[in-house]
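Please examine the sequence and the structure shown below, and keep both in view while reading. The paragraphs that follow lead through the structure step by step.

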Amino acid sequence: MQRRQFVQTLGAGSAAVAGLGLMSGCAGSAGRGAKVVVVGGGYGGATAAKYVRLFSDHNIDVTLVEPNTAFVSCPLSNLVLGGHKSMADITTPYDNLGKRHGVKVVRDMVASIDPNKRTVKLASGGELPYDRLILSPGIDFMWNTLPGMARPGAADTVLHAWKAGPQTVALRRQLEALPDGGVYAMSIPLAPYRCPPGPYERACMVASYFKKAKPKSKVVIFDANDDITSKKGLFMKAWDEHYKGIIEYRPKHNVVDVDAATNTLKFEFNDDFKAGVANVIPAQRAGEIAVKTGLATANARWCEVDFLTFESKAAKNIHVLGDAIQIAPAMPKSGHMANQHGKTCAAAVVSLLQGKEPPALPLYANTCYSFVTATDVVHVASVHKYDAAQKTMLAVPGSGGLSTAASALEGEYAMAWARNIWADTLA
């Protein structure tokens, strides 16, 4: 089987480990000594780093620049807020990328990128040359839309917890400290944002904690969008069956400022709202390094790419993955999708460095699970293929779909998905 054929099968599931043996001997020695630098060790970057090594039969040098010592999964992090999982449950070290695959992991931040010299300057002062750069910077927040968050201490009081890690722990502590009868208010930005169903799952998880530990407390969702953006019927059913009187949903509430001193949310057209715990998820854009490098060419927010290779439309030899890109139609900003981007990009980069054409028909899938209780889960799935005429990825008609109802069996599937994709990305 050739690489292009193999990559086309990767979208069918998260883990392709069983098929890796089929790549042995296909790569040859072409591209030996080429240097690939990967920036960002999330679902997209870590997957790309691993698979460039695998697809090149370990002939291409790969350096991953990532400031954290371990990968922390955003998917499942809402369960930590609900008290159903610990941070240890969603944390995986980067060790195996080096030990098993020979990826050089550099704990650092990228200060700047020079596309002409093909160099990456590190915050510590070092410099890394590259033949191809894979940038997976995730998202950053458009804090300019919330002036009050610039005041000293505001960001330590009003949390987003939209990047799993210390803020996840801090928000959980705020929920624990909230008196019974207090109100947790969460704001959702206008789409697109990372993980469309994530806020609604978060509301379920916080409500599940309140139902057990603080039955007089309430969850109020302020959504800037006109309606629930993903799995609407399934979430509404869960709220009615499990959290009646606990969760209140208010659409068309766009937060334009925050008074962190009083936990007060200010809206474009609605009255102010004071909460016991204010959880504000700001509007988002591509990670800072992508914007700083001039790659965010779509409304100065998202990075436009060639979907065959994920090469930036603004700079040669730089590939951008994951939540940072200007998405194709019906393509969610999700961890699973970033993992699929990583494999497609890795195959393209290896081909290009070997002087070959990249795979011409990438095909990949996405499944997004959402917990509505500690055990019951719903999902949405889709399959995407490249359309040569439109030069973009399109959803395959009739593919994917939604759960018919939440179930504990889907909860088992969700945990199996997590274990598989973590292994596929990092093992």
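**A guided reading of the model**

The protein chain has an average pLDDT of 93, and 93% of the residues score at least 70. Over residues 1-26, however, the pLDDT is below 50, and in the model this stretch has 56 contacts beyond near neighbours in sequence. These scores belong to a predicted model, and the reader should keep that in mind throughout.

Aromatic rings offer a first route into the fold. The count of aromatic pairs comes to 13. One of them is formed by Tyr200 and Phe235, whose rings are tilted, with 5.7 Å from centre to centre and 50 degrees between the planes. Tyr200 belongs to helix H7 (residues 198-213) and Phe235 to helix H8 (residues 232-242), so this pair ties together parts that are 35 residues apart in sequence. Tyr200 counts as buried because its relative accessibility is 0%, and the cut-off for a buried residue is under 20%. Phe235 is likewise buried, with a relative accessible area of 0%.

A further tilted pair consists of Phe222 and Phe267, with 4.7 Å between the centres and 50 degrees between the planes. Here the partners lie in strands: Phe222 is in strand E12 (residues 218-223) and Phe267 in strand E15 (residues 264-267), so the pair ties together parts that are 45 residues apart in sequence. Phe222 is buried at 0% relative accessibility, and Phe267 is buried with a relative accessible area of 7%. Ring pairs can also join into a group: Tyr200, Phe235, Trp239 and Tyr249 are linked into a cluster in this way.

Charged side chains meet aromatic rings as well. Arg172 lies over the face of Tyr209, at 4.1 Å from the ring centre. Lys333 lies over the face of Trp302, and its distance from the ring centre is 3.7 Å.

Phe222 appears again in the surroundings of Ser187, a residue of strand E11 (residues 183-188). Which residues are in contact with Ser187, once its neighbours within four places in sequence are left aside? They are Phe222, Val255, Asn279, Val280 and Ile281. Ser187 itself is buried, with a relative accessible area of 2%.

The backbone deserves attention next. Most residues other than glycine have a negative phi, and most peptide bonds are trans. Against this background, some places call for a closer look. Ala191 and Pro192 are joined by a cis peptide bond, with omega at about 5 degrees. Pro192 is found in the loop between E11 and H7. Lys231 is not a glycine, yet its phi is positive, at about 55 degrees. The place of Lys231 is the loop between E12 and H8, and the residue is buried, with a relative accessible area of 6%. Phe310, another residue other than glycine, has a positive phi near 65 degrees. Phe310 lies in the loop between strand E19 (305-306) and strand E20 (311-312), and at 0% relative accessibility it counts as buried.

The cysteines raise a separate matter. How many disulfides does a search of the whole structure find? The search finds zero. For Cys345, the nearest cysteine sulfur is that of Cys303, 13 Å away, and Cys345 is in no disulfide. Cys345 is buried, with a relative accessible area of 0%. Why is Cys368 without a bond to Cys195, the residue with the closest cysteine sulfur? The sulfur of Cys368 is 4.6 Å from that of Cys195, and this is too far for a bond because a disulfide requires sulfur atoms within 2.5 Å. Cys368 also counts as buried, at 11% relative accessibility.

Finally, helix H11 (residues 408-426) permits a simple check of geometry. At 1.5 Å a residue, its 19 residues should span 27 Å, and the end C-alpha atoms are 27 Å apart, so expectation and model agree. The expected span rests on 1.5 Å times one less than the number of residues. Several residues of H11 are buried, among them Glu410, Gly411, Ala414, Met415, Trp417 and Ala418. Further along the helix, the buried residues include Ile421, Trp422, Asp424, Thr425 and Leu426.

Terms used
Residues numbered from 1 in each chain as written. Predicted model: local features only at pLDDT ≥ 70, side-chain atom pairs only at ≥ 80, totals over all residues. Heavy atoms only, no water. Phe/Tyr/Trp six-rings, centres within 6.5 Å; stacked < 30°, edge-to-face > 60°. Helix = DSSP H or I, 4+ residues; strand = E, 2+ residues; numbered from the N terminus. Buried < 20%, exposed > 50% of the residue type's maximum accessible area, 1.4 Å probe, protein only. Lys NZ or Arg CZ within 6 Å of the ring centre and 35° of its normal. pLDDT = per-residue confidence, 0-100. Contact = heavy atoms within 4.5 Å.
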